[in-house]
Amino acid sequence: MQGQEFHREIWLLADPASASVAREFAGDAAHDLGCDSTARAALRLGVTEAVANAVEHGAPCENGLISVSLYIQADCLTTEVRDCGDFKAARQPAPDGLQERGRGLPLMFAVMDHVEIDTVPGKTVVRLAKRLAA
C-alpha cells in the first residue's frame, strides 16, 4: 500500500448523528485499502470519538460543518478531524473508573498508533494514524 495515492474527505454537520456517518466513512476507506478487521475496528472507534469530541466540544466552521479526511502518509492511514473551535484540555477520568465522561482521548490513544492534536485559535485538528500492513 505504500506509495499508493489515496485521499478521501467528507464534510459533516456538527451534529451527534455525524459520528456514525464518519465511522462508516472511515471503515469503508480502511476496507478499500485492505486493512484487516482489527485495524478497521480501531480506526472506526478512533474516528467516532474524534468526531464526537469535535461536535460536543469544538465548533462548526463558517459553513456549519466539520471535516473528516483520510490519506496515506508514510506507512499509515491517517485521519484528520477538523473543526473551528478552540481546544480545551480533557479532564482525566475519575480514579475509580466510574466517571461516564472524558474517555474519548484515552480511547483514541489506546487504539491508534499515533494521535496528535494541532490547535490554533479557531481551529482544531485531531490527527489519528494506523499503520498499514506491509
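User: In which loop does Ala74 lie?

Analyst: In this predicted model, Ala74 belongs to no strand of the β2 and β3 pair but sits in the connection that links them. The strands on either side are β2 (65-73) and β3 (76-83). The position asked for is therefore the loop between β2 and β3.

User: Is Ala74 buried or exposed, and what is its phi?

Analyst: Ala74 has a relative accessibility of 57%, and because the cut-off for exposure is over 50%, Ala74 counts as exposed. Its backbone angle is also of note, since Ala74 is a residue other than glycine with a positive phi. That phi is near 55°.

User: What pattern do the helices and strands follow along the sequence?

Analyst: The secondary structure of the protein chain consists of three helices and five strands. Read along the sequence, these elements give the pattern β-α-α-β-β-α-β-β.

User: What is the order of the strands in the open sheet?

Analyst: The open sheet holds five strands, and their pairing is antiparallel. From one strand to the next, the twist averages 15°. The order across the sheet is β1-β2-β3-β5-β4.

User: Which strands stand at the edges of the sheet, and why is one side of each left without a neighbour?

Analyst: A strand at the edge has a single partner strand, so one of its sides has no neighbour in the sheet. This applies to two strands, β1 (7-13) and β4 (114-120).

User: Over how many bridges do β2 and β3 pair, and which residue stands opposite Ser67?

Analyst: β2 and β3 pair in the antiparallel sense, over seven bridges. Within β3, the residue opposite Ser67 is Arg82.

User: Which residue in the turn between β4 and β5 has a positive phi?

Analyst: β4 and β5 pair in the antiparallel sense over seven bridges, with Glu116 standing opposite Arg127 in β5. These two strands form a hairpin with two residues between them. The turn residue with a positive phi, of about 85°, is Gly122.

User: How far apart in space are Asp83 and Gly122, C-alpha to C-alpha?

Analyst: Asp83 is in strand β3, and Gly122 is in the turn of the hairpin formed by β4 and β5. In sequence the two are 39 residues apart, yet Gly122 is among the residues in contact with Asp83. Their C-alpha to C-alpha separation is 8.2 Å.

User: Is Asp83 buried or exposed, and which backbone atom does its side chain reach?

Analyst: With a relative accessibility of 6%, Asp83 counts as buried, because the cut-off for burial is under 20%. Its contacts include Ala54, Ile66 and Thr124. At 2.6 Å, the side chain of Asp83 reaches the backbone nitrogen of Gly85.

User: Which backbone atom does the side chain of Thr124 reach?

Analyst: Thr124 is placed in strand β5 and, at 5% relative accessibility, counts as buried. Among the residues that Thr124 touches are Asp83, Gly85, Phe87 and Ile117. At 2.9 Å, the side chain of Thr124 reaches the backbone oxygen of Gly85.

User: Is Lys130 buried or exposed?

Analyst: Lys130 lies in strand β5, and its contacts include Ala39, Leu77 and Met112. Its relative accessible area is 15%, and because the cut-off is under 20%, Lys130 is buried.

User: Which element gives the largest share of the largest nonpolar core?

Analyst: This core has 32 residues, and those with the most contacts inside it include Leu43, Val47 and Leu128. Among the elements that give two or more residues to the core are α1 (18-32), α2 (37-57) and β5 (123-131). The largest share, eight residues, comes from α2.

User: Which residues does Leu43 touch, leaving aside those up to four places away in sequence?

Analyst: Leu43 is one of the residues with the most contacts inside the largest nonpolar core. The residues touched by Leu43 are Ala26, Ala30, Leu70, Leu77, Thr79 and Met112.

User: What percentage of the residues in the protein chain is buried?

Analyst: The protein chain exposes about 7400 Å², of which carbon and sulfur atoms supply 53%. The chain has 134 residues, and the buried ones make up 41%.

Note on methods: Residues are numbered from 1 along each chain as its sequence is written. This is a predicted model: local features need pLDDT of at least 70, side-chain atom pairs count only at pLDDT 80 or more; totals for chains, interfaces and linings use all residues. Side-chain values use heavy atoms; hydrogens and water are left out. A nonpolar core is a set of buried Ala, Val, Leu, Ile, Met, Phe, Trp, Tyr and Cys residues joined through side-chain atoms within 4.5 Å. Buried means under 20% relative accessible area, exposed over 50%, partly exposed in between (1.4 Å probe, protein chains only). Helices (H or I, at least four residues) and strands (E, at least two) are DSSP runs, numbered from the N terminus. Contact means heavy atoms within 4.5 Å. Accessible areas come from the Shrake-Rupley method with a 1.4 Å probe; for residues, only the protein chains shown count as cover. A polar contact is a pair of N or O atoms within 3.5 Å; within protein, one must be able to donate a hydrogen and the other to accept it, and residues adjacent in sequence count only if both atoms are side-chain atoms. Two strands pair if DSSP finds at least two bridges between them. Axes are lines fitted to C-alpha atoms, for helices over the stretch in contact, and angles run from 0 to 180 degrees between N-to-C directions.
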